[in-house]
Each structure stands twice: as C-alpha cells, then as structure tokens.
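Me: I should like to learn how to read a two-chain model feature by feature. Could you take me through the strands, the core, the interface and the charged pairs, giving the general idea before each case?

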Amino acid sequence: MEGQWTAGIVILSCYVVATLAGELTFELADNDRQCFYEDVDAGVKCTLEYQVVTGGHYDVDCLISDPSDKVLYKEIKKQYDTYTWTSEKKGVYKFCFSNEFSTFTHKTVYFDFMVGDEPPLIPEMGDHDTALTQMESSCVTSHENLKLVIDYQTHFRLREAQGRAFAESLNERVNYWSIAQTVILILVGIGQVVVLRSFFTENKKHQGI
Amino acid sequence: MWPSGAKILLFLVLYLSGTSALYFHIGETEKKCFIEEIPDETMVVGKYKTQLFDKTINDYLPSSPGVGMHVEVRDPDDKVLLSKAYSSEGRFTFTSHTPGEHVICLFSNSTKWGLFAGGKLRVHLDIQVGEHAIDYSQIAAKDKLTELQLRVRQLLDQVEQIQKEQNYQRYREERFRQTSESTNQRVLWWSIAQTIILLVTGFWQMRHLKSFFEAKKLV
C-alpha cells in the first residue's frame with residue numbers, strides 16, 4: 001500500500017516539474033494580432049525570445065502580461081529581442097504579437113518560449129542521491145555546449161532566411177520593373193511620334209502648327 | 001485494490017498531464033499555420049489538444065471529444081505530406097524528405113461546435129523537431145541502455161542534428177549566392193538592353209519624323 005503511494009507520488013512529481021520549451025514560426029497578416037498563452041507556476045524562470053524573419057521593415061509589436069493583466073514587457077516595432085522574468089504568480093501568462101501598424105505587409109515571426117529548466121532524459125534520472133561521476137558530468141557539459149551550438153544555429157538560420165527572402169524579392173522586382181520600364185520606353189517613343197504627327201496632319205483649316 | 005487516495009492522485013496526474021503546452025485561440029473557419037524550416041530526414045512530432053468554450057460555465061471545458069482538428073502538412077514544393085483529421089486530442093508525426101520550409105496547418109473540421117462555442121476554440125500545441133522529438137525513455141527500455149549510455153546517445157543525436165543543419169546551411173547559402181548572382185546579371189543585361197532600345201527608339205523617331213516632314217514639305 002505504501003509502495004503504491006510512493007509510486008503515485010513519484011509519477012505526480014514528474015509532471016509537476018514545470019518544463020516547457022515551445023518554439024513556433026507563424027505568419028502574422030497585416031492588421032492582425034496573435035496571442036499565445038501559457039500556464040506557469042510561481043517562481044519559475046521564463047524566457048521569451050522573438051525575431052521577425054520576413055516582411056516589410058522586419059518589425060513587430062510585442063506585449064507580455066501576467067495573470068493579473070499587468071504588463072511585464074511592451075515594445076513597439078522591435079526586430080528581435082529576448083526577455084527573461086521570474087513568474088511571481090501562478091497562472092496564465094499571455095504574450096501577443098501585433099502587426100496592426102502595417103497596412104499590407106505580412107510578417108513571419110519566430111518566437112521561443114522557455115519555461116523552467118530542462119527535464120531529465122528519463123524520469124528516473126531526476127532524483128540523484130549521489131553526485132555525478134566524471135563521465136556523467138562531462139556528458140552534461142557537452143550537452144549544454146551542444147545546446148548552445150543548436151541555439152546559435154537557429155539564430156543563424158533565421159538571419160540567413162531573412163537575407164535570402166530579401167535577395168529573392170529583389171531579384172523578382174528587378175525583373176518586373178525592367179520589363180515594365182522597357183514597355184513604357186517603347187510606348188512613349190511611339191506615342192511621341194504619333195502625337196507629333198497628329199499636330200501636323202489635320203483639318204486643312206490649320207496650316208502647319 | 002488501489003486505495004481511494006491513490007485513485008485521486010492518479011486522476012490528478014492524468015488531468016495535469018494534458019494541460020501543459022502553449023495554447024492559442026482559433027475561430028471556427030480559421031486556419032492557423034506554422035512554418036518549420038528543417039533539413040531533410042528530420043522527424044517532427046506535434047501534440048495538440050482542443051478545448052471548447054462553454055457559455056454556461058463561461059470557461060473552457062477540460063476536454064471536448066466531439067471537436068476534431070484537421071492537420072495538413074505541406075513540404076517546400078507545396079506537396080501535401082500529411083493531411084489527416086484527428087480527434088480532439090492527438091499526436092501527429094512526419095519526416096521531411098526535402099530540406100526547406102514545411103508548413104503545418106491546423107483547422108477545425110467540424111461545424112457543429114459553432115452553435116455552442118460562440119466562435120472560440122482553445123488549441124494547445126507543442127511541436128518538437130529533430131532530437132527534441134526523440135523519446136529517450138522508450139529507447140532506454142528498448143535497447144536496455146544504462147544512464148551513461150543514454151546520455152552519450154543523446155549527445156550523438158544532438159551532434160547528428162547539428163551536422164544535418166550545417167549541411168542544410170551550405171545548400172541554402174548556395175541558393176542565396178545563386179539568387180544574388182542572378183540579380184547581378186539581370187541588372188547588367190537589362191541596363192544594356194534598355195540603353196540599346198533607348199538609342200534605337202531615338203534614332204527611329206528622328207528618321208521617321210524627318211521623312212514625315214519631308215513628305216509634308218515643311219523641311
């Protein structure tokens with residue numbers, strides 16, 4: 001009976017540890033506002049990081065509020081930023097991205113919301129009575145460094161996506177505008193001649209100009 | 001067999017386990033899409049849970065079995081990788097075969113909840129990519145690995161993901177360079193072409209008008 005209680009408490013404790021890392025990339029239409037919510041316990045360190053990947057001047061409004069609707073962070077037209085806070089209350093934290101200042105550009109926004117610490121690989125590893133061996137601690141160090149590498153890779157990927165999207169749109173625009181200019185050039189050339197001719201070919205009443 | 005206290009504990013566990021992800025609200029006909037830029041042969045696991053808004057209690061019901069979600073995943077060439085309707089709580093997986101931007105779209109596939117919901121559905125979503133998607137407890141049980149072996153396996157998976165991403169970066173940088181070089185060439189050729197057309201048009205204009213005025217006996 002006691003064993004079952006212990007098992008139950010162990011299972012419950014695995015879920016109570018608040019551990020989340022949600023990263024999403026979504027498209028924000030013009031004049032649109034998107035909000036995301038997260039249930040967070042009290043006293044947990046949270047980090048929100050966001051970056052605008054494509055669209056217009058690569059800026060977005062961001063707002064973070066706590067369960068009592070108090071504004072924790074509010075920025076207008078930011079390209080990328082990161083904000084860390086420790087939750088004071090337990091409840092639903094809300095963060096919103098707004099593109100309401102833009103009339104026709106869609107923005108692609110990437111955000112990464114990290115809550116708490118990383119969970120252990122398997123639940124049994126969480127409760128260690130003895131200290132880690134040297135092998136295990138060097139594994140932990142390597143793991144942390146690799147996580148940093150992956151983080152840098154993500155940042156690099158976003159910057160590269162931004163640059164590439166701009167280059168591709170530039171390429172397209174050069175094409176369209178060149179074609180348009182050539183057509184206008186030819187039309188104006190022919191038009192000038194036609195109009196000039198019409199000054200001279202008319203009703204015999206007006207002689208010449 | 002189980003004491004009632006343990007049953008309550010188990011119920012709490014099951015209840016808490018379902019409400020852990022990020023969530024957002026979605027309208028009835030609204031389609032929410034998320035973009036994942038991933039290298040090839042990368043596994044993506046998505047977990048979602050929907051909750052219907054109940055006007056009688058003015059809150060979201062803990063679970064609404066009748067409301068299903070339709071999940072559609074498109075690959076960078078706009079080909080549909082996955083298009084399936086799931087129940088109100090589900091898990092979908094796909095593996096990318098081409099590197100690039102994959103679009104994961106979610107929309108509700110039932111029309112009846114509009115009558116009750118007042119137009120709002122709460123969707124919990126958690127998308128894990130690559131090595132985050134691997135379930136280590138399963139691997140530990142299947143291959144019977146010790147803790148140290150499991151840690152090393154995790155490091156190997158991480159390094160593999162980094163390597164795939166680097167490879168993908170190289171391919172993307174090549175595309176970027178090609179685009180820039182093509183822009184450079186286009187600017188050059190179009191400028192030359194437009195200058196030639198300008199000169200030809202001017203020349204034709206003068207010649208045409210000269211012969212026109214000569215015909216009119218004004219010159």
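Me: Which residue in E8(B) is the bridge partner of Glu36(B)?

Reply: The general idea is that helices (H or I, at least four residues) and strands (E, at least two) are DSSP runs, numbered from the N terminus, and that two strands pair if DSSP finds at least two bridges between them. In this case the partner of Glu36(B) in E8(B) is His102(B), and the two strands, E2(B) and E8(B), the latter covering residues 100-108 of chain B, pair in the antiparallel sense over eight bridges. This is a predicted model, in which local features need pLDDT of at least 70 and side-chain atom pairs count only at pLDDT 80 or more, while totals for chains, interfaces and linings use all residues. Residues are numbered from 1 along each chain as its sequence is written, chains are lettered from A and ligands numbered from 1 in the order in which they are written, and side-chain values use heavy atoms, with hydrogens and water left out.

Me: Is strand E2 of chain B mostly covered or mostly open?

Reply: Here one reads relative accessible area, where buried means under 20%, exposed over 50%, and partly exposed in between (1.4 Å probe, protein chains only). Strand E2 of chain B, residues 31-38, is mostly covered, with six of its eight residues buried.

Me: How many bridges join E4 and E5 of chain A, and which residue between them takes a positive phi?

Reply: Five bridges join E4(A), residues 60-65, to E5(A), residues 71-78, and the two run antiparallel; within E5(A), Glu75(A) is the bridge partner of Cys62(A). The hairpin has five residues between its strands, and Asp69(A) takes a positive phi near 65° there.

Me: Which residues touch the most other members of the largest nonpolar core?

Reply: In soluble globular proteins, nonpolar side chains tend to be buried together. A nonpolar core is taken as a set of buried Ala, Val, Leu, Ile, Met, Phe, Trp, Tyr and Cys residues joined through side-chain atoms within 4.5 Å. The largest one has 46 residues, of which Phe36(A), Phe95(A), Phe97(A), Phe111(A), Phe113(A) and Leu106(B) touch the most other members. Its largest share, five residues, comes from strand E9 of chain B, residues 121-129. Phe36(A) has contacts (heavy atoms within 4.5 Å) in both chains, including Tyr93(A), Phe111(A), Leu22(B) and Phe34(B), when residues up to four places away in sequence are not counted.

Me: How many residues does each chain give to the contact, and how much area is buried?

Reply: Buried area is the accessible area (1.4 Å probe) that two parts lose on being put together, summed over both. Chain A gives 69 residues to the contact and chain B gives 66, and the area buried between them is about 6300 Å², of which carbon and sulfur atoms give 68%.

Me: How many salt bridges lie between chain A and chain B?

Reply: Side chains of opposite charge can pair when their charged atoms come close. The rule for a salt bridge is a side-chain nitrogen of Lys or Arg within 4 Å of a carboxyl oxygen of Asp or Glu. The count between the two chains is four, against 19 over all chains. Among the pairs in this model, Arg175(B) and Glu168(A) form a salt bridge with their closest N and O atoms 3.2 Å apart. Glu168(A) is also one of the residues in contact with Thr179(B), together with Ala167(A) and Asn171(A), once neighbours within four places in sequence are left aside; Thr179(B) sits in helix H4 of chain B, residues 147-215, and counts as buried at 11% relative accessibility.

Me: Where in chain A are Asp66(A) and Lys89(A), the two partners of one such pair?

Reply: Their side chains meet at 3.2 Å, N to O, and the pair links distant parts of the chain, Asp66(A) in the loop between E4 and E5 and Lys89(A) in the loop between E6 (80-86) and E7, 23 residues apart. Asp66(A) is buried, at a relative accessible area of 4%, whereas Lys89(A) is partly exposed at 32%.

Me: Which residue does Lys31(B) meet in a salt bridge?

Reply: Lys31(B) meets Glu72(B) at 3.6 Å, N to O, and Glu72(B) also forms a salt bridge with Arg74(B), at 3.5 Å. Glu72(B) is buried at 11% relative accessibility, while Lys31(B) at 44% and Arg74(B) at 26% both count as partly exposed.
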